Amino acid sequence: MSKKRTFLTKMLVVSLSFMLAVGVSASVSQAAEEEVRIGAIVALSGPLSPYGPDWLNAGELAIEDMNRMGGVFGRKVKLFVEDSETDTEEGIKAAKKLIPINKVIAIYGPTSGVVVGIMDYAEKNKVPVISGVSGSSRLDKTGGVYQYRTAPSDSYEGLVNGAFILEELGVREAALITQNDEGTLSVARGFKEAYEKQGGRIVEEVVVNAGQATYMSSVDLAFKSNPKVVLVAADMDVTSVIIREWRRADYGGKLVCGSDVSDSKQFVDLVGERNLEGVYYTFIASDPDTIPFQIFQAKFRNFTGRELGYGAANCYDAMAVFLLALEAAGEASGEAIAENMRKVANPPGVVVGTIEEGKAALMLGKEINYEGASGPVDFDEYGNVAGGYAKYVFDAEGKGVLVKYYPAGSLS
Amino acid sequence: MMAYPSLEMTGNEVTIMVASIIQHVLYGVVTGSILLLGTLGFTMVERLDGFVNISHGQLIAIGAYSMWLCYNILGLNFVIAAILAIAISALAALLIYKVFFKPILRFAVVTVIITSCGVGIFLNGVIEYLGGPDVHSLGLPIYRVAKLGSVRLISKDFMAVIVVGVVSIIIIHLFLQRTKLGKAFRAVSSNRPLALTKGVNLDSLSTLVWLLNGVTAGLAGILLGVVGNLSPDMGWHQTMVIMSVAVLGGLGNIYGIMIAAFIVGITMDVGVLFFPSGYRPALAFAIIIIGLLLKPEGIFSE
Amino acid sequence: MEWIDFLVAMASLGAIYGIVAVAYNIQYGYTRMVNFGTVAWFAIGAYTYTILTTHPPLAEDSYRFGLELSPVLGVIGAGAASGVVAYLVGLPTLKLKGHYFAIVTFAFAEIVGYTLINERWLTNGAVGFFSIPQPLAGWVSAYFYNYLFFFMVLGVLIVTYFLLGRVAKAPFGRVLKGIRESETVCLSAGKKVSSFKMKAFIVSSIFMGVAGALYAMYMTLVTPDMFNLLVTFTVLFAVVIGGKANSKGVILGMFLLVFADQFTRFIEVPSSYAVKMSAIRAMIYGLLLIIILRFLPQGIIKEKKVICD
């Protein structure tokens, strides 16, 4: 028995080491000298998984646009993809693999929790991080040299919700249902502050957790004092159940949802298209009338066969700015990107709306100001951008109808 | 958060509070019905095979996803889809038993428990691989809630959940008291050595128990799909609360479980009226702790 | 050679969990106390260290205490807090039998988890803390800090191994093993079982708390969702795979698990498959566990049998 044990043990140890060695050498030996390497840490599984593929595709599209013109200063760009599982610890492990082993010079795409987790490590290694979807208000006053985002801060979303409910809907007393997660809590907090400051009153505040079997009692609690509006700050899964509960019990009033939901097929299928009529939601909106947005919309549809969803335009711009900064720098290093970010994204400069225009202008020696699919993309000292939000309402077929657009900076 | 009851409340306020409590009790009964079905199989396995099956929640998820497969993807009629889904869960449960657990039952209990952790992780991966990482819904129509004056009661589909729960209790009771295998199960459950000497066929009993395990868990999964959504991690979410019900009911006491399931469900749903709502699931755990400290063998143990 | 950086980073994590595993071994391997709430003490250690060493709250923070003490005090505080909590929890629960003790500790861990999320004044809620100070960070460049940290953690692991190993070889440890084999026999031999169990519980919890502090340093951030059931499971797995009451095996088991978990990152797949990778990783991890326990149910390194005296 003990001979068998020793043998089995040795087999186990040997095979595991073998797997590790093969894996490591395989990835290291693929180092091609001419490529410029960028890492992507995207939520492909976990709670934000419905959006992950869009975010990844947007980044890939930007890289393809650049590579089609010969890459950056003649070198092709290669993307190394890791799944963050919408989990901070996994995101950190992904960064610790991408930076030393895959030798990426920049990181694209993580959600807020992961950004916070890898910020210090990336900065120490001079690897800039940019994301189109890291809206948490935690990042309002951090970063700026090695950390950027093309997603507007959740605190602005709070202002928008407050203004919308007070002015557009004319309601002074509202209830709040919040999911016990960082992103949704930050949206709720922003709303509370803004709403109360502008004279509104929150009559009931209910907290829910993900993974509950039923949400009936929580929804009932929120509608206890018959508020005319209930703001729901929760992810797609929980929001869909809450909307169904609301319909079932016929509470009346209006539901206003945060930016985690949209009229994407997935959400509409979750709730049931006939159950959505009259529900409001928020969309981080690029101004849909601009040309860069329309160009991107068409390209995205072509590239993926889907309509673009939440965050796609912002992600595209995030990658575009990285690539243009690289082109302007003429050198493949994280430091060079960091030094050139504001040169390509902020005024002054020739206004360009696409990667192609930007690259052409740079090659002619001009300074550029990228204003992309998601908006002007001008970074402040903390690497933030102002962003616009739009409030939509679902019609009887589950399609979103624009109610009001709040351009960047229109509320203070 | 609702105000605590106090002496200064007016008659109207008291009425409203009573109405709320009734409503929330009804919600608790719905939650309890689902919990009951979810916990039955877990308890039976623990009694018969002697280990705490951490992968039990995944059987519930398998039930839910099978329903999604049959009803949404294959487009079958609701009742037929449900029956098929339950059959799939039952077979899956039996398969899991034969492949993973039966060969190792002779090992130490803790080893088996940890294997069940591994099985749980494995099954979770399979479900995520086959069903995708995203959330799904069965897309059932929504029925309006019946009202009594201004008091909201319950909608038809939730009523159906309660009915299913009650009917299951009756069926299980009949099974335990009237059928040969049911009596054999009770015998093994309370005194194993004695039952064995009386010639109970453990092998066919095991097969039956695991099939039943799959049936009840699968049904619980379907009901979860009726009241909420499906996600790959749904199994893990249920496991925690199920363990609290099982402990409260006295691990292995079927009738205790039935009562415990409703106690836990009602406490959670009425509790949100009085405690910060963020702690709703934690109430279930607080119940366990208090229960065990007061009576370490379980409230209803035999 | 840069892949050594990655290995070192993973090995640091392995060492941190290794400390928890060795400590857990005292409870489980020696005394058969099946604690399903391990992550609670780990989290308490991590959060205590953080609250003691982080900066006072800024305008946008919800928490109220940030004491900015030195890391050493932070670690001591972490261990102390875990030990105190162990005492408080142990008082009513250590007399419960196996199954029930497991479930109560599990429930306790869940409640700690919800407290971390909800009590924002203490823990900053779901947001957590970031930019946690790392000791000696200023001494060397970022690149070398990876290694410096690893040696620090390795040092603590070695100290833990020897300290707890001494405990195991001493009469105290033999009593614990005896308790595992048969409580009744030990009771009749005149040993006061409950106080031994409590001491073992407190001592091992202190080390778990220290490991938690190291974890906070390693991650430089703490959020409630980092402290989940998987941590408890991972420790349990390492101990069972490594072999009960066998510290060497336990450490080996832990490193094995940490590396097995991460190696799937290295298989290059087209991005359309990347979505499935986390599911595949779960399947492989689960199967690995099942297979190891099937064929090596006593663990990788068997322990030597000793009789209670």
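## A helix enclosed in chain A

Let's start with helix α3 of chain A, which covers residues 88-98. In this predicted model, 11 of its 11 residues are buried, so the helix is largely enclosed by the rest of the structure. Buried here means that 20 or more other C-beta atoms lie within 10 Å of a residue's own.

The buried set runs from T88(A), E89(A) and E90(A) through G91(A), I92(A) and K93(A) to A94(A), A95(A), K96(A), K97(A) and L98(A). It is handy to keep helix geometry in mind when you look at this list: an α-helix has 3.6 residues a turn, so residues three or four places apart point the same way.

## The fold of chain B

Now over to chain B, which holds 11 helices and 2 strands. Following the sequence, the order of elements is α-α-α-α-β-β-α-α-α-α-α-α-α.

The overall dimensions are worth a look too. Chain B has a radius of gyration of 20 Å, which agrees with the value near 19 Å expected for a compact globule because the chain has 302 residues. Along the principal axes, its C-alpha atoms fill a box of roughly 65 × 50 × 35 Å. Of the 302 residues in chain B, 56% are buried. Among contacts in chain B with a separation of 6 or more, 76% join residues that are 24 or more positions apart.

## Where chain B meets chain C

Chain B brings 37 residues to its contact with chain C, and chain C brings 33 residues. On the chain B side, α4 (109-131), α9 (234-248) and α11 (280-294) each supply at least two residues. Helix α4(B) gives the most, with 14 residues.

As for character, this side of chain B divides into 29 nonpolar, 7 polar and 1 charged residues.

## Where chain B meets chain A

Turning to the other partner, 32 residues of chain B are in contact with 33 residues of chain A. Here α1 (11-49), β2 (151-155), α8 (202-227) and α11 of chain B each supply at least two residues of the side that touches chain A. The largest share comes from α1(B), with 6 residues.

The chain B residues touching chain A divide into 15 nonpolar, 12 polar and 5 charged. If you are tracing helix α11 of chain B in the viewer, you will find it supplying at least two residues to the side that touches chain C and at least two to the side that touches chain A.

Note on methods
Residues are numbered from 1 along each chain as its sequence is written. Chains are lettered from A and ligands numbered from 1 in the order in which they are written. This is a predicted model: local features need pLDDT of at least 70, side-chain atom pairs count only at pLDDT 80 or more; totals for chains, interfaces and linings use all residues. Helices (H or I, at least four residues) and strands (E, at least two) are DSSP runs, numbered from the N terminus. The radius of gyration is taken over C-alpha atoms; the globule rule is 2.2 Å times the number of residues to the power 0.38. A residue is buried if 20 or more other C-beta atoms lie within 10 Å of its own, exposed if 12 or fewer, and partly exposed in between; C-beta atoms are placed from the backbone. Two residues are in contact if their C-beta atoms, placed from the backbone, lie within 7 Å. Ala, Val, Leu, Ile, Met, Phe, Trp, Tyr, Cys and Pro count as nonpolar, Asp, Glu, Lys and Arg as charged, and the others, Gly among them, as polar.
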